[in-house]
Amino acid sequence: MPSSLLLEVPALADFNKVWAELTDWLSVLDRVIKSQIVTVGDLDDINDMIIKQKAALQELEQRHPQLEELITAAQNLKNKTSNQEARTIITDCIEKIQSQWDEVQGHLQSRRQQLHEMLKDSTQWLEAKEEAEQVLEQAKVKLESWKEIPYTVEALKKQNIELKQFSKELRQWQIHVDVANDMALKLLRDYSTDDTRKVELITDNINTTWATINKRVSEREADLEAALRLLQQFYLDLEKFLAWLTEAETTANVLQDATHKERILEDTKGVRELMRQWQDLQTEIEAHDDIFHNLDENGQKILRSLEGSDDAALLQRRLDNMNFRWSELRKKSLNIRSHLEASSDQWKRLHLSLQELLAWLQLKDDELKQQAPIGGDLPTVQKQNDTHRAFKRELKTKEPVIMSALETVRMFLAEQPLEGLEKLYQEPRELSPEERAQNVTKLLQRQADEVKTEWDKLNLHSADWQKKIDEALERLQELQEAMDELDLKLRQAEVTKGSWQPVGDLLIDSLQDHLEKVKVYRAEIAPIKENVNHVNDLAHQFTSSDIQLSPYNLNCLKDLNTRWKLLQVAIDERIRQLHEAHRDFGPTSQHFLSTSVQGPWERAISPNKVPYYINHETQTTCWDHPKMTELYQSLADLNNVRFSAYRTAMKLRRLQKALCLDLLSLSAACDALDQHNLKQNDQSMDILQIINCLTTIYDRLEQEHNNLVNVPLCVDMCLNWLLNVYDTGRTGRIRVLSFKTGVVSLCKAHLEDKYRYLFKQVASSTGFCDQRRLGLLLHDSIQIPRQLGEVASFGGSNIEPSVRSCFQFANNKPEIEAALFLDWMRLEPQSMVWLPVLHRVAAAETAKHQAKCNICKECPIIGFRYRSLKHFNYDICQSCFFSGRVAKGHKMHYPMVEYCTPTTSGEDVRDFAKVLKNKFRTKRYFAKHPRMVALKQRNSVPFDIFLKLSSWLSIRKICSEIYGFYSAFQFFRRLAEMENSNGSYLNDSISPNESIDDEHLLIQHYCQSLNQESPLSQPRSPAQILISLESEERGELERILADLEEENRNLQAEYDRLKQQHDNKGLSPLPSPPEMMPVSPQSPRDAELIAEAKLLRQHKGRLEARMQILEDHNKQLESQLHRLRQLLEQPQADDKMNGTTLSSPSTSLQRSDSSQPMLLRVVGSQTSETMGEDDLLSPPQDTSTGLEEVMEQLNNSFPSTRGHNVGSLFHMADDLGRAMETLVTVMTDDKVLE
């Protein structure tokens, strides 16, 4: 609330305190409600939160009487006070707190209702989850109870029936899983703002387990069908194979019988036919080799299923019989071949047989080498294992042939005598029988050894290869299991990540909670890193063991690592986005300010949070907002205003409107400052604190003036202006006092309310302010015009003289109170004159004066109206006045009066009296006693402003040179006293405070003089008045000179005394002031004496300068007085001096028009660069009008006759004014001619 209201209605302070406390409590409670998040599905957590909500509601109900008491107190206050503003504020406060109370209560009730519904839904979900988990457990038990697939028809049918029954049960259990999923989806959908991770994780586990169970059931069903088909086909294939085996045995027996006939081996043709038949038999045997092995393996499976039964024994006998008959058949085939090869060329056949075996072994060895290298994935290695198993079966099948061949060679070599070998082996050359026999033996033995060696080597290679395959299978299975486990965990983590809502869809208040959830989630998935490292280590082991992983496995590994990295990146990105969102959209956000600029501009933020602006077209950056730059450029248009106080005020007014601070009341500003707890004025504010406070201010203004306030633009521009004023280095921090001074100075409030508020900020708790605190306030205040480049016109950045002036005004008290500060501020000190002028500029904006400008002819005059106090009915508008335009016969330095509101009849009469008074004053008087342009504003006390500050600054400079250690304020005060004493037309009995009505008193005394009723002490004519003024002024100056001479004599005596003491102590003599040179002190006492003497000499020099100035002034006064006496002492006839003949109106008017208007210097607030352009006097007019005519007009204006009525008073005053104007013109023109 405004401080003025609090002072006017003291009870409002207690009401405001209680209201603020209750409002703050409701705000905190609302924030707590929004920040409380529960774990969905956790009944304990939900119940705890319900208890908390219930306690909050109870506390709210307990505080409800406090609200009612507050409303009752508000009604009582409204009834007691008649201040409409106070009543409006009280009503707004009550409506606001009632709305806030209802809103918080609604949030509590809705949250409590939501929690009850959540509890109900969570309970149902937990029940459905338990039922689903029960059926899942039953399904798992059923799956674990499954035995190995049997290979009996009855068992297979039984298991198939059980499987179908289990599938039926699964379809019934599917309902429970679906119910759990539906309840989970409802929880996830309805309570997404709370923590739903528990529901998501349990639901994913249930669905994953359910999918695994269904998959295993499907696989079991396929395996049972395959086993049943295998069982049915096995017996058919067995019967078919046994039938073929019977036929093959018959064929083998026939061939065996044929080969054992006598002399069959001598029949080459018969042997060749038998060999062909054997080859056909052997081809059929090799073609049925795979069928035999498959039947044997499947038979073994069936035997394991039939173990302990009669069918098992029967099948075992049949399999044994099949194996025996198969072995015998192969043996018969080998015997048949051996017997057929037992001819006269038997060694050659053995040789060929060994060569075939060597070729086969070489072929198999190459085939084994081709199986390398080990595959890089599990399916490939499993396929290699199956291939090598077939290879091993082929070796096992070939083993009897090789062993038989080797045994045949051994027996052949042992049975054949050397003579037989000699016949069998024939060399191209003649060899001895022993050599031929040895060569055949060596050849066959060597080939047999090679076959044996190659066979053993092939078996060894096969075993090594099988070992490698087994190791690779084991390691690949371990890798595959690790990859599957990692994939499962990544999928679960990705499911959670996929449930994240976009950051842009999150509530601002929940950003911090989501940030904490993501951090917890990151900690939960941290163990996955160990799985990733384990998988990578397993994969690295394959590289060291020369096993190259397949592209599939490499892609899987790459995919797993990529997914893990992407998951980490997603978490980091999520955290970054949440941090940025919290920074940009949270309580400390600047993001909403990005809309304050349009393309091609972009708002950016420096590391210390200070905004700057980027122009993408010119590729440049700047600290100032584009709109602020345009505003500063527009302020340059006001530089043509001649008077800096008005120029500064008009610039600030334009800036105030651009920042919409002209809409901000002082109470609203105080509320915003209190809301942000900005009470420690010595502390500094960072950018975010400034933005938050400005946002609060402009949000409230937007509610009140929706179409006038653009919050982002206003906040950004006001921040820009505050930084330009108080943080030109862009450090990102300004003091709280600076912030308050800038905002309050430009807000909409009464001037004295601003003074009171600013004084309160620097005053102590006792309500007093010392010089240091006042200096801080004035320093922050002077920065506002300094930023506009106008600080030189207000005393510069040095505020020490203003501080001294204030405390000297308070009789040099160590501390001042608010009343003295307000009295001093009403005098409009130089450093603060821009603030009241700003208020007058604002007040005059809509003022409409029913007058016409004598220069531009504007009618009516809008804004300031300037009325001449030298000429009657002469007005100037503010545009002409500020630009220095003048009309013929009027000068800028003539005294003027300023109006910012329309004038009243009383003010018109008062101005007429002042014009009349000015008619009797000489130009020299106005030069010595500059009158300030008086502001006439209705319902306010008139006060003065300065128009040409250059004169003011020059006086301050002279004053500082004269006084030195004394304050300049004393000099100004003495000048003011001289002006009050010398400038009065009345005697000493009339107080200066009665200057408001001095015009009426002047007319009264003149009427007494006209009626010859005035006492002898009163002046009888304008000439006597002038003589009295000059004599009083001269007497005052003579007294001042006498005081200064006495002070000078005292200082000289003090100097002589100190010099004598210095000489008596035997020290070196002090040099005279004109001969001062630096002297090294001999002791601390010497240094003190020398310093004191130096100060005395400086003070003496300043006093001498002051005396010289005053003596020059005295000489000028004496010269003027002498000239005036010469004019008045000229002989004049008594009858002419006291004649009664009056000038005709036409003559008086003609003389008045032909006379030169009076020229006056007026002190103002224009800077030194505009000084001098109006100081030149116009060329003198014709001064042929004699003194006789002047005195005639004067005497005609004072007739000796009595009995005139009051109606002729104004007529005589007009004649008196014209006569006085002619007299002053003659005197001033003569001075110009001199």
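Which hand, left or right, does the crossing of H4 and H5 have? Keep that question for the second stop.

**Before you start**

This is a predicted model, in which local features need pLDDT of at least 70, side-chain atom pairs count only at pLDDT 80 or more, and totals for chains, interfaces and linings use all residues. Residues are numbered from 1 along each chain as its sequence is written, and side-chain values use heavy atoms, with hydrogens and water left out.

**Stop 1: the whole protein**

Show everything as a cartoon. The protein has 40 helices and twelve strands. These are DSSP runs, numbered from the N terminus: helices are H or I with at least four residues, strands are E with at least two. Of the 1234 residues, 46% are buried. Buried means under 20% relative accessible area, exposed over 50%, and partly exposed in between (1.4 Å probe, protein chains only). Take the contacts with a separation of 6 or more: 75% of them join residues 24 or more positions apart. A contact means heavy atoms within 4.5 Å.

**Stop 2: H4, H5 and H6**

Select residues 64–80 for H4. Add residues 84–145 for H5. The axes of H4 and H5 come within 9 Å and cross at roughly 165°. That makes H4 roughly antiparallel to H5. Axes are lines fitted to C-alpha atoms, for helices over the stretch in contact, and angles run from 0 to 180 degrees between N-to-C directions. Under 35 degrees counts as roughly parallel, over 145 as roughly antiparallel, 65 to 115 as roughly perpendicular, and the rest as oblique.

Now the opening question: the crossing of H4 and H5 is left-handed. That term applies if the near helix is turned anticlockwise from the far one by less than a right angle; clockwise is right-handed.

Show side chains. Leu-67, Leu-70 and Ile-71 are among the H4 residues that meet H5, whose partners include Ile-90, Ile-94 and Trp-101. This contact divides into nine nonpolar, four polar and two charged residues. Ala, Val, Leu, Ile, Met, Phe, Trp, Tyr, Cys and Pro count as nonpolar, Asp, Glu, Lys and Arg as charged, and the others, Gly among them, as polar.

Next, add H6, residues 153–190. H5 and H6 pack at about 155°, with axes 9 Å apart. They are therefore roughly antiparallel to each other. Their crossing is left-handed. The contact has 15 nonpolar, five polar and six charged residues.

**Stop 3: residues 462–496**

Select this span. It is 100% helix and 0% strand, and its end C-alpha atoms lie 50 Å apart.

**Stop 4: Gln-548**

Find Gln-548 in the loop between H16 (528–544) and H17 (551–585). Is it buried or exposed? At 59% relative accessibility, Gln-548 counts as exposed. Show Ile-374 too. It sits 174 residues away along the chain, yet the two C-alpha atoms are separated by 7.8 Å. Leaving out residues up to four places away in sequence, Gln-548 touches Ile-374, Gly-375, Gly-376 and Leu-554.

**Stop 5: H21 and H22**

Select 687–704 and 711–726. H21 and H22 pack at about 135°, with axes 9 Å apart. That makes H21 oblique to H22. The crossing is right-handed. By class, their contact has twelve nonpolar, one polar and two charged residues.

**Stop 6: H27**

Finish at residues 818–826. The buried residues of H27 are Leu-820, Phe-821, Leu-822, Trp-824 and Met-825. They pack against H24 (751–762), H25 (771–787) and H26 (800–809). Just after H27, Glu-828 takes a positive phi of about 55°.
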